[in-house]
Amino acid sequence: MSRIEFNKQKRDALLDKLTRYLDRELDCEASPLQAGFLLDFISEQMGPYYYNQGVQDAQQLFRDKLEDAVYEIEKPFVD
């Protein structure tokens with residue numbers, strides 16, 4: 001899997017959320033550099049789990065929709 005990368009605007013927004021969370025919930029102040037390292041760690045080490053779960057959820061959704069579509073296009077038959 002390729003590296004998960006965000007454009008500057010998204011990365012800045014994520015870093016802002018992360019630093020506010022650390023400060024509010026863990027009473028831990030993190031510099032932008034520290035928060036960046038933590039974000040990179042989360043993306044690299046945990047991101048693939050979230051990505052794969054999203055792929056599995058999408059596969060199940062497609063299966064469910066396909067099943068519905070096949071049911072609707074099937075022709076009834078009389079014995």
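Three short exercises with worked solutions follow.

This is a predicted model, where local features need pLDDT of at least 70, side-chain atom pairs count only at pLDDT 80 or more, and totals for chains, interfaces and linings use all residues. Residues are numbered from 1 along each chain as its sequence is written, and side-chain values use heavy atoms, without hydrogens and water.

**Exercise 1.** Find which residues are linked with Arg3 in a network of salt bridges.

*Solution.*
1. Apply the rule: a side-chain nitrogen of Lys or Arg within 4 Å of a carboxyl oxygen of Asp or Glu. The count comes to 6 salt bridges.
2. Arginine 3 pairs with glutamate 5, with the closest N and O atoms 3.8 Å apart.
3. Glutamate 44 also bridges to arginine 3, at 2.6 Å. This pair links distant parts of the chain: glutamate 44 lies in helix 2, arginine 3 in the segment before helix 1, 41 residues apart. Helices are DSSP runs (H or I, at least four residues), numbered from the N terminus.
4. The network is Arg3, Glu5 and Glu44.

**Exercise 2.** Classify glutamate 5 and glutamate 44 as buried, partly exposed or exposed.

*Solution.*
1. Use relative accessible area: buried is under 20%, exposed over 50%, partly exposed in between (1.4 Å probe, protein chains only).
2. Glutamate 5 has 62%, so it is exposed.
3. Glutamate 44 has 41%, so it is partly exposed.

**Exercise 3.** Identify the residues of the largest nonpolar core and the helices behind them.

*Solution.*
1. Look for buried Ala, Val, Leu, Ile, Met, Phe, Trp, Tyr and Cys residues joined through side-chain atoms within 4.5 Å.
2. The largest such core has 5 residues: Leu15, Leu18, Leu22, Ala35 and Leu39.
3. Helix 1 (8–26) and helix 2 (32–45) each give two or more residues to this core. Helix 1 supplies the largest share, 3 residues.
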